[in-house]
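Thank you all for coming. I would like to spend a few minutes on the pockets of this protein, so please have a look at the structure as it comes up.

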Amino acid sequence: PNLEFNEQMERVFDYGSRTFVVSLTPSLELLITDEAGKKIKNLPTPAKKDDEKKAKEAYEAYKLLKKQLKTVVTNQKIRLEQALSNERLWSATNWNELFVKNPIMHQFAIGLIWGHYEDGKLKETFRYMEDGSFNTMDEDEYEWNEEAMIGLVHPMELSKEELEVWKEQLSDYEITQPIEQLEREIYRITEEEKEQTELTRFGGKVLNGLSLVNKLLSLGWRRGEIGDGGWYKTLYKEDGIVGVELEFSGVSIGCEGEDVTVYGVQFYKVGEVVRDRYDKIKQECLYSLQEISPRYFSEIVLLLTKVTASSVEQLDYPECKR
């Protein structure tokens with residue numbers, strides 16, 4: 001949604017006798033200016049000199065805009081986080097439509113580092129500037145490729161030197177990233193984990209069940225198979241051909257406030273697992289951890305690190321399953 005902003009990131013509110021321009025700033029806040037170009041903190045309440053009908057409609061529309069913007073920004077941050085995690089790519093044409101022509105996504109775009117990908121591999125990095133131009137890491141003009149596939153760059157794809165240069169450029173332009181990108185924690189698979197089909201880093205962590213469930217559901221995960229009395233013991237999500245399932249000690253729907261123990265995490269082949277059955281995933285349907293994309297692996301570990309951060313106790317695993 002563009003929330004009726006034009007491509008200049010502006011929306012006019014007409015009171016009849018006077019008008020106000022509301023602009024969308026790079027930090028996704030609302031900036032109000034009057035007819036003299038003077039900045040004002042809030043849209044004023046209608047006065048006697050204003051057209052009663054126009055002023056009332058404009059004032060109510062502005063109040064609605066503030067609510068809508070908050071919701072849209074929250075939702076788009078979640079979607080961009082998912083795009084970064086899932087290695088989402090756009091064609092140059094679609095990227096231009098979504099991030100250049102849409103005034104809200106335009107403001108997201110200028111705070112992020114983008115990449116040109118070929119066959120899923122990062123070839124070049126660039127930044128979209130507020131004036132509509134494109135910048136390289138060395139602050140040269142980036143040559144736009146209409147045939148490119150464009151995606152969000154993950155910090156694990158950059159060398160330490162490249163990462164520092166991009167951070168410095170954003171700092172020089174006083175840009176705060178709308179989502180955590182360059183400062184994002186990176187997690188890599190260990191040698192011991194490569195041949196395993198179960199990620200056990202979080203095994204044995206004890207935390208509130210409602211906290212675990214609500215955080216994951218809000219991020220697009222789903223409850224696993226539900227048995228008698230509303231009992232379930234898995235949460236999962238599917239991205240393309242890869243599904244990820246978290247097993248825990250279990251809760252009943254509506255009674256999720258008790259403490260639970262986290263067990264293992266497994267990655268499975270979407271389409272080969274029937275999700276409406278209570279059976280354990282068959283071994284032949286599982287991926288080994290080394291088969292998972294390094295970026296996706298890192299993102300799942302990062303997500304579960306945050307979700308289980310409230311845990312103050314970790315039992316021995318897998319002994320705690322008994």
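The largest pocket is lined by 15 residues, and those nearest its centre are Glu 81, Arg 184, Leu 219, Glu 299 and Leu 303. This is a predicted model, in which local features need pLDDT of at least 70 and side-chain atom pairs count only at pLDDT 80 or more, while totals for chains, interfaces and linings use all residues. Residues are numbered from 1 along each chain as its sequence is written, and side-chain values use heavy atoms, with hydrogens and water left out.

A pocket here is an open set of points on a 1 Å grid over the protein atoms alone, where a 1.4 Å probe fits, with protein on both sides within 12 Å along at least five of seven lines, and lining residues have an atom within 4 Å of a point. The volume of the largest pocket, meaning the space filled by probe spheres set on the points, which are joined across faces, edges and corners, is about 350 Å³.

Which helices supply at least two residues each of that lining? They are helix H1 (52-85) and helix H6 (294-307), helices being DSSP runs of H or I with at least four residues, numbered from the N terminus, and H1 gives the most, with six residues.

Turning to the second largest pocket, its volume is about 280 Å³, and of the 14 residues that line it, Gln 76, Arg 79, Arg 88, Trp 90 and Leu 98 are the closest to its centre. H1 and helix H2 (92-100) each supply at least two residues of this lining, with H1 providing the largest share, six residues.
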